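Here is a short report on a protein model and its ligand. It covers the ligand site first, then the cysteines.

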Amino acid sequence: MTNLTNPLLPEMAEVWQQTLNWQPTDQQKAQFQQLYELILEGNRQLNLTRITEPQEFWEKHLWDSLRGIAPNQQLLPILQEGASVIDIGTGAGFPGIAIAIFAPNSQITLLDSTRKKITFINQVLTTLALTNVKTLIGRAEEIGHEPQHRRTYDLALIRAVGTPSVCAEYALPLVKQGGLAVIYRGNWTAEEAKSVQNAASQLGGVIESIEQFTTPLTNSIRHCLYLRKIVNTPFQFPRPVGVPTQNPL
Ligand code: SAH
């Protein structure tokens, strides 16, 4: 359903190959393009994203989403093996939808507290025929206590939702023991590293690594923080709605 009036995303086959040792299939390329067009369209009604130029969308939404699940530039093998994944505060669907397209064998849950965004995403999922994705409207502070979500995910992803400590409190309760929380971040300070270290230890996690890298087209700085869950999160976490942001660990 590519419409000639819509801008086309760049292919970037070599960049995908060099940075992530991967290339999209024709079907995945078509799904990326459709996703792009639906977001441009949705942006007329909803404030979904400021990133709308094709190169920028490719780099800051698609590439960035997949780079996060590739610590040491190795795409996580569990994603091809049926991992269960939650994207917390998915917004217009990043990183979750990009990852669902990349990993059709994984089961992805997209969580956002804004009903309008989830309604938009549901339309996208139908159009793209993505059957490996479910959506959930709610707050991470509450979903983290529901037995059908707490301690059930192999991987929790969170991009542009809050400070690293807040993200850790939202994400770690949802992860299984042995699973991974990935916090996507632009800039990163030594102070944040210290506070997230403290937060992680209270939440049953340890910092496995903090990676700094630059995006491949504009050399923008990015960080990804990988937290491994080693023991159960104490019952009092996540704290009630609003408390993690008002009084970060
Ligand atoms: N992850 C997307 C969107 C970031 S904007 C991206 O990187 O492009 C942050 C999103 O998080 C918003 O859509 C907002 O509704 C959602 N959000 C903020 N706090 C939340 C919470 N406590 N629980 C669930 N969703 C939350």
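## Polar contacts

A polar contact here is a pair of N or O atoms within 3.5 Å. The model is predicted.

D112 meets that cut-off: an N or O atom of its side chain is 2.6 Å from a ligand oxygen. The side chain of K117 also places an N or O atom 3.1 Å from an oxygen of the ligand. S113 uses its backbone instead, with a polar atom 3.3 Å from a ligand nitrogen. On its own, the ligand has 580 Å² of accessible area, and the protein covers 81% of that.

## The ligand site

Which pocket does the ligand take? The ligand's space is the largest pocket.

The shell holds 16 residues. The closest are G89, F94, D112, A140 and R159. Sorted by class, the shell has 5 nonpolar, 6 polar and 5 charged residues.

## Cysteines

How many disulfides does a search of the whole structure find? It finds 0. A disulfide is a covalent bond between the sulfur atoms of two cysteines. The cut-off for calling one is 2.5 Å between the sulfurs.

Why does C167 form no such bond? Its closest cysteine sulfur, in C224, is 11 Å away, so the two are too far apart. From the side of C224, the closest cysteine sulfur is that of C167, again at 11 Å and too far for a bond.

Are these cysteines buried or exposed? C167 counts as buried, at 2% relative accessibility. C224 is buried too, with a relative accessible area of 1%.

Methods: Residues numbered from 1 in each chain as written. Predicted model: local features only at pLDDT ≥ 70, side-chain atom pairs only at ≥ 80, totals over all residues. Heavy atoms only, no water. Near = heavy atom within 4 Å. Polar contact = N/O pair within 3.5 Å; in protein donor to acceptor, adjacent residues only side chain to side chain. Areas by Shrake-Rupley, 256 points an atom, 1.4 Å probe, with all protein chains shown as cover. 1 Å grid on protein atoms, 1.4 Å probe; cavity = no way out; pocket = protein on both sides within 12 Å on 5 of 7 lines; lining within 4 Å. Sits in = over half its atoms within 2 Å of the grid points. Nonpolar A, V, L, I, M, F, W, Y, C, P; charged D, E, K, R; others polar. Buried < 20%, exposed > 50% of the residue type's maximum accessible area, 1.4 Å probe, protein only.
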